[in-house]
Amino acid sequence: MWKKIINKFDKYPSQKKVIKKLLQSGLKVGEDKKIYCNDVEINISSLAKSIETDRRVVTSTVNTILGDDELKGIFTNIKSAGTVLANISQELGLGVIEIEGDAQKTGILNQVTKILAEEEISIRQAYASDPDLFTTPYMTIITDDDLDGNIIPLLLKIDGVTKVSMY
(Lines give C-alpha, C1' and ligand atoms only; values in the text may rest on other atoms or scores of the structure.)
Protein backbone atom coordinates (compact mmCIF):
# COMPACT_ATOMS: atom_id res chain seq x y z
CA MET A 1 0.00 0.00 0.00
CA TRP A 2 2.73 2.50 0.96
CA LYS A 3 4.78 1.50 -2.09
CA LYS A 4 2.05 2.85 -4.37
CA ILE A 5 2.09 6.16 -2.52
CA ILE A 6 5.87 6.40 -2.34
CA ASN A 7 6.18 5.45 -6.03
CA LYS A 8 4.17 8.58 -6.93
CA PHE A 9 7.34 10.45 -5.97
CA ASP A 10 9.83 8.40 -8.01
CA LYS A 11 10.64 11.43 -10.16
CA TYR A 12 11.17 13.58 -7.06
CA PRO A 13 13.67 11.87 -4.73
CA SER A 14 13.79 14.81 -2.30
CA GLN A 15 10.00 14.81 -1.94
CA LYS A 16 10.10 11.02 -1.54
CA LYS A 17 12.33 11.54 1.52
CA VAL A 18 9.73 13.91 2.96
CA ILE A 19 6.91 11.41 2.32
CA LYS A 20 8.84 8.62 4.05
CA LYS A 21 9.60 10.85 7.04
CA LEU A 22 5.94 11.85 7.37
CA LEU A 23 4.86 8.21 7.30
CA GLN A 24 7.60 6.95 9.62
CA SER A 25 6.91 9.69 12.15
CA GLY A 26 3.11 9.64 11.97
CA LEU A 27 2.94 13.27 10.83
CA LYS A 28 -0.08 14.66 9.06
CA VAL A 29 -0.56 17.48 6.60
CA GLY A 30 -3.19 20.06 7.50
CA GLU A 31 -5.53 21.78 5.06
CA ASP A 32 -3.71 24.95 6.14
CA LYS A 33 -0.48 23.59 4.51
CA LYS A 34 1.15 22.98 7.88
CA ILE A 35 2.49 19.72 9.29
CA TYR A 36 1.26 18.30 12.58
CA CYS A 37 1.91 15.55 15.06
CA ASN A 38 -1.70 15.09 16.10
CA ASP A 39 -2.60 18.70 17.09
CA VAL A 40 0.97 19.98 17.59
CA GLU A 41 2.39 21.99 14.71
CA ILE A 42 5.80 20.84 13.46
CA ASN A 43 8.28 23.43 12.25
CA ILE A 44 8.86 22.85 8.54
CA SER A 45 12.49 24.01 8.70
CA SER A 46 13.19 21.55 11.53
CA LEU A 47 11.57 18.73 9.59
CA ALA A 48 13.62 19.63 6.50
CA LYS A 49 16.82 19.69 8.54
CA SER A 50 16.06 16.25 10.00
CA ILE A 51 16.07 14.74 6.50
CA GLU A 52 18.86 16.95 5.17
CA THR A 53 16.78 18.85 2.65
CA ASP A 54 15.51 22.38 2.16
CA ARG A 55 12.24 23.67 3.66
CA ARG A 56 11.08 24.50 0.12
CA VAL A 57 11.13 20.78 -0.68
CA VAL A 58 8.88 20.12 2.33
CA THR A 59 6.53 22.92 1.26
CA SER A 60 6.45 21.60 -2.30
CA THR A 61 5.67 18.09 -0.99
CA VAL A 62 2.81 19.46 1.11
CA ASN A 63 1.41 21.22 -1.97
CA THR A 64 1.70 18.00 -3.99
CA ILE A 65 -0.14 16.07 -1.26
CA LEU A 66 -2.96 18.62 -1.02
CA GLY A 67 -3.30 18.69 -4.82
CA ASP A 68 -3.81 14.91 -5.10
CA ASP A 69 -7.14 13.55 -3.78
CA GLU A 70 -5.71 10.14 -2.86
CA LEU A 71 -2.68 11.57 -1.05
CA LYS A 72 -4.78 14.27 0.61
CA GLY A 73 -7.23 11.67 1.92
CA ILE A 74 -4.38 9.79 3.55
CA PHE A 75 -2.03 12.50 4.80
CA THR A 76 -4.70 14.78 6.27
CA ASN A 77 -5.98 11.91 8.39
CA ILE A 78 -2.77 10.45 9.84
CA LYS A 79 -2.70 10.20 13.61
CA SER A 80 0.42 9.51 15.65
CA ALA A 81 0.24 6.25 17.63
CA GLY A 82 1.65 7.74 20.83
CA THR A 83 4.51 6.96 23.16
CA VAL A 84 6.70 3.97 22.35
CA LEU A 85 8.04 2.54 25.59
CA ALA A 86 11.10 0.67 24.24
CA ASN A 87 13.65 3.44 24.84
CA ILE A 88 12.48 4.07 28.40
CA SER A 89 11.80 0.46 29.35
CA GLN A 90 14.77 0.17 31.69
CA GLU A 91 13.70 3.22 33.69
CA LEU A 92 10.17 1.79 33.93
CA GLY A 93 11.28 -1.76 34.79
CA LEU A 94 9.81 -3.21 31.60
CA GLY A 95 11.20 -5.87 29.28
CA VAL A 96 11.78 -5.46 25.55
CA ILE A 97 11.90 -8.13 22.87
CA GLU A 98 12.83 -7.15 19.31
CA ILE A 99 12.13 -9.68 16.61
CA GLU A 100 13.35 -9.47 13.03
CA GLY A 101 11.96 -11.70 10.36
CA ASP A 102 10.29 -12.19 7.06
CA ALA A 103 7.44 -9.69 6.93
CA GLN A 104 5.67 -11.81 4.30
CA LYS A 105 5.28 -14.76 6.69
CA THR A 106 1.88 -14.85 8.32
CA GLY A 107 1.28 -15.72 11.95
CA ILE A 108 4.52 -14.48 13.51
CA LEU A 109 2.76 -12.14 15.95
CA ASN A 110 0.25 -14.88 16.75
CA GLN A 111 3.02 -17.35 17.58
CA VAL A 112 4.96 -14.80 19.65
CA THR A 113 1.93 -13.92 21.77
CA LYS A 114 1.09 -17.61 22.20
CA ILE A 115 4.59 -18.35 23.53
CA LEU A 116 4.49 -15.33 25.85
CA ALA A 117 1.09 -16.38 27.19
CA GLU A 118 2.32 -19.93 27.82
CA GLU A 119 5.27 -18.46 29.75
CA GLU A 120 2.84 -16.20 31.66
CA ILE A 121 4.48 -13.06 30.34
CA SER A 122 2.14 -10.07 30.10
CA ILE A 123 2.43 -7.75 27.10
CA ARG A 124 2.26 -4.01 27.79
CA GLN A 125 2.77 -2.85 24.19
CA ALA A 126 3.44 -4.35 20.76
CA TYR A 127 4.24 -2.69 17.48
CA ALA A 128 5.80 -3.57 14.16
CA SER A 129 7.61 -1.48 11.62
CA ASP A 130 6.11 -1.37 8.15
CA PRO A 131 8.21 -3.37 5.65
CA ASP A 132 7.48 -0.80 2.94
CA LEU A 133 8.97 2.00 5.05
CA PHE A 134 11.89 0.30 6.82
CA THR A 135 14.64 -1.73 5.18
CA THR A 136 14.77 -4.22 8.07
CA PRO A 137 11.25 -4.75 9.41
CA TYR A 138 11.02 -5.64 13.07
CA MET A 139 8.46 -6.20 15.77
CA THR A 140 8.91 -4.89 19.29
CA ILE A 141 7.13 -6.35 22.29
CA ILE A 142 7.21 -4.50 25.62
CA THR A 143 6.49 -6.72 28.60
CA ASP A 144 5.39 -5.84 32.11
CA ASP A 145 8.52 -7.36 33.62
CA ASP A 146 12.20 -7.67 32.78
CA LEU A 147 12.89 -10.97 31.02
CA ASP A 148 15.60 -13.59 31.11
CA GLY A 149 17.09 -15.01 27.92
CA ASN A 150 15.40 -18.42 28.22
CA ILE A 151 12.61 -17.33 25.88
CA ILE A 152 14.93 -16.50 22.95
CA PRO A 153 15.29 -20.11 21.67
CA LEU A 154 11.51 -20.54 21.75
CA LEU A 155 10.99 -17.40 19.66
CA LEU A 156 13.74 -18.36 17.20
CA LYS A 157 11.84 -21.56 16.39
CA ILE A 158 8.99 -19.54 14.88
CA ASP A 159 8.89 -19.88 11.10
CA GLY A 160 10.05 -16.60 9.56
CA VAL A 161 11.89 -15.25 12.63
CA THR A 162 15.56 -14.55 11.87
CA LYS A 163 16.76 -12.65 14.92
CA VAL A 164 15.62 -12.07 18.50
CA SER A 165 17.12 -9.43 20.83
CA MET A 166 16.21 -8.60 24.39
CA TYR A 167 17.08 -5.64 26.57
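This passage walks through a small sheet, two nonpolar cores and two pockets in a predicted model.

Let's start with the sheet. Three strands make it up, lined up in the order β1-β2-β3, and their pairing is antiparallel. The sheet is open, and its edges are taken by β1 (28-29) and β3 (40-42). Each of these edge strands has a single partner, so one of its sides is left without a neighbour in the sheet. Strand β2, which covers residues 35-37, pairs with β3 through three bridges. One residue pair to look for here is Cys 37 and its bridge partner in β3, Val 40.

Next come the nonpolar cores. The largest one has 23 residues, and the ones with the most contacts inside it are Ile 19, Leu 22, Leu 23, Val 29, Ile 35, Ile 65 and Phe 75. Several helices chip in: α1 (2-7), α2, α3 (44-50), α4 (55-66) and α5 (69-75) each supply at least two residues of this core. Helix α4 gives the largest share, with five residues. For a closer look, take Val 29. Neighbours within four places in sequence aside, Val 29 touches Leu 22, Lys 34, Val 62, Ile 65, Leu 66, Phe 75 and Thr 76, all by the contact criterion. There is also a second core, separate from this one, with 14 residues; among them are Ile 99, Ile 115, Ile 151 and Val 161.

So much for the packed parts; what about the empty space? Rolling a probe the size of a water molecule over the atoms shows where such space is left. The largest pocket has a volume of about 650 Å³. Its lining is made of 23 residues, and Leu 23, Gln 24, Gly 26, Ala 81 and Val 84 lie nearest the centre. Two elements, α2 (13-25) and β5 (123-128), give two or more residues to this lining. By type, the lining splits into 13 nonpolar, eight polar and two charged residues. Leu 23 turns up twice in this account: it is among the residues with the most contacts inside the largest core, and it is one of those nearest the centre of the largest pocket.

The second largest pocket holds about 290 Å³ of space. Here the lining counts 18 residues, with Ala 103, Ile 108, Ala 128, Tyr 138 and Met 139 nearest the centre. Two or more lining residues come from each of β4 (95-101), α7 (108-118), β5 and β6 (138-143). This lining is made up of 11 nonpolar, four polar and three charged residues. Strand β5 is thus listed for the largest pocket and for the second largest one.

Notes:
Residues are numbered from 1 along each chain as its sequence is written. This is a predicted model: local features need pLDDT of at least 70, side-chain atom pairs count only at pLDDT 80 or more; totals for chains, interfaces and linings use all residues. Side-chain values use heavy atoms; hydrogens and water are left out. Two strands pair if DSSP finds at least two bridges between them. Helices (H or I, at least four residues) and strands (E, at least two) are DSSP runs, numbered from the N terminus. On a 1 Å grid over the protein atoms alone, a cavity is a set of points where a 1.4 Å probe fits but cannot get out, and a pocket is an open set with protein on both sides within 12 Å along at least five of seven lines; lining residues have an atom within 4 Å of a point. Grid points are joined across faces, edges and corners, and a volume is the space filled by probe spheres set on the points. Ala, Val, Leu, Ile, Met, Phe, Trp, Tyr, Cys and Pro count as nonpolar, Asp, Glu, Lys and Arg as charged, and the others, Gly among them, as polar. A nonpolar core is a set of buried Ala, Val, Leu, Ile, Met, Phe, Trp, Tyr and Cys residues joined through side-chain atoms within 4.5 Å. Buried means under 20% relative accessible area, exposed over 50%, partly exposed in between (1.4 Å probe, protein chains only). Contact means heavy atoms within 4.5 Å.
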